[in-house]
Amino acid sequence: MLLLRLPLLFLLVSVALCQYDDYDYQPASRHGPSGPNCHQECDCPFNFPTAMYCDSRKLKFVPVVPTGIKYLYLQNNLIEEIKAGVFDNVTDTLRWLILDNNQITNAKIEKGTIDKLSALEKLFFSNNNLTEPVIPPSKSLDELKIMHNQLSKFPSGLLSDKENLTSVNVQNNQLTSDAIGGAFKGPKKMLSLDVSHNKLKKLPAGVPGSLEILYADYNEIDIVGAGYLGKLPLLQSLRISHNKLVDSGIPAGVFNVTSLVELDLSFNELKSIPEINENLEQLYLQANKIEKFELTSLCKYVSTTSFSHLKHLRLDGNMVTHSSMPPESSNCLRVASDVIFE
């Protein structure tokens, strides 16, 4: 993906980074000697005294966290429960809590634990057994990841006071459109929302107007509401691949918005190319049922100053070929580096 706007590129790259980059993680061999207050099951390196590394140690419990710890790494264990009191020394100082790849359920998270963390900035809770989100009271929370759980509901209001929240990822859960109704209202700085691999029948309602990235791949979406994107004036990347979209579920001009840079509608049931704005740079339509190459969907007018800015267009897996393109296509798609039909 080339030449995306800088904020979007930064977010896309950050999404793709591996878990160790996300955690600012260092392998155990690099931790060095531990400080005197560290829990015996963990490492608290002298050169990073505010971090406690308890990852990949077959722990079945969250150890008591000593005073001064701001970054707590507990991923890749066998943790089933979080007992009251373990965070009492760091309720107003703990910033990062990494709990990915454990066996935690909502019933085993006692009161007086996460619900007391008033300074938390990042909460990573992926690959556990949660059925609903666990949200700390911290207004400093800026990143929330609860991927690969069993979330079936996300009550509205949980994020209403998260004024610094920029990224939410709840992909690979059991969420329905009704279950997330109003769930994402409130955070006015949210930039990225990923609800892929759920059971949504429509794009999430009430998302903040600050959003720049929305991923909703692998759901059951068959309609995009008229004016939906008009409420998201900063949206640059929208992915709705692997859904059930048909032509009748896409109102005329719904994707014709100036902010979009990337639009992925691949692996749906479209028979025609939807109308887009000339500012769009990446359009993915492969594996649909498109029967005709409608140039007017890409270029309403063509002149020296009016043309499509598409750089990449994928149409493979449809019923159109290079010969389907009208002669004036080269003028409309003058900056396209590739148009793929097969």
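These legends walk you through several views of one predicted protein model.

**About the model.** Residues are numbered from 1 along each chain as its sequence is written, and side-chain values use heavy atoms, with hydrogens and water left out. Since the model is predicted, local features need pLDDT of at least 70 and side-chain atom pairs count only at pLDDT 80 or more, while totals for chains, interfaces and linings use all residues.

**View 1. The whole protein, with three helices and 13 strands.** Helices (H or I, at least four residues) and strands (E, at least two) are DSSP runs, numbered from the N terminus. The C-alpha trace spans about 75 × 40 × 30 Å along its principal axes. Of the 342 residues, 51% are buried; buried means under 20% relative accessible area, exposed over 50%, and partly exposed in between (1.4 Å probe, protein chains only). The accessible surface comes to about 15100 Å², and 52% of this belongs to carbon and sulfur atoms; such areas come from the Shrake-Rupley method with a 1.4 Å probe, and for residues only the protein chains shown count as cover. Among contacts (heavy atoms within 4.5 Å) with a separation of 6 or more, 50% join residues 24 or more positions apart.

**View 2. A stacked pair, Tyr 53 and Tyr 73.** The structure holds five aromatic pairs, and here is one of them. Rings of Phe, Tyr and Trp (its six-membered ring) pair if their centres lie within 6.5 Å; planes under 30 degrees apart count as stacked, over 60 as edge-to-face and the rest as tilted. The rings of Tyr 53 and Tyr 73 are 4.6 Å apart centre to centre, with 5° between the planes. Tyr 53 belongs to strand E1 (residues 51-53) and Tyr 73 to strand E2, so look for two distant parts of the chain, 20 residues apart, linked by this pair, with Tyr 53 counted as buried because its relative accessibility is 0%. Tyr 73 is buried as well, at a relative accessible area of 1%.

**View 3. An edge-to-face pair, Tyr 71 and Trp 96.** Here the ring centres are 5.4 Å apart and the planes meet at 85°. Because Tyr 71 sits in strand E2 and Trp 96 in strand E3, the pair ties together parts that are 25 residues apart in sequence. Tyr 71 counts as buried at 16% relative accessibility, and Trp 96 is buried with a relative accessible area of 13%. Look for Phe 48 too: ring pairs link Phe 48, Tyr 71 and Trp 96 into a cluster.

**View 4. Two loop asparagines with positive phi, Asn 76 and Asn 127.** Asn 76 is not a glycine, yet its phi is near 65°. You can find Asn 76 in the loop between strand E2 (71-73) and strand E3 (96-98), where it counts as partly exposed at 23% relative accessibility. Asn 127, also not a glycine, has a phi of about 55°. Its loop runs between strand E4 (122-124) and strand E5 (143-145), and Asn 127 counts as partly exposed at 34% relative accessibility.

**View 5. The second largest pocket, holding about 220 Å³ of space.** Lined by 13 residues, this pocket has Leu 203, Pro 204, Ala 205, Tyr 228 and Lys 231 closest to its centre. On a 1 Å grid over the protein atoms alone, a pocket is an open set of points where a 1.4 Å probe fits, with protein on both sides within 12 Å along at least five of seven lines; lining residues have an atom within 4 Å of a point. Grid points are joined across faces, edges and corners, and the volume is the space filled by probe spheres set on the points. The lining divides into nine nonpolar, two polar and two charged residues. Ala, Val, Leu, Ile, Met, Phe, Trp, Tyr, Cys and Pro count as nonpolar, Asp, Glu, Lys and Arg as charged, and the others, Gly among them, as polar.
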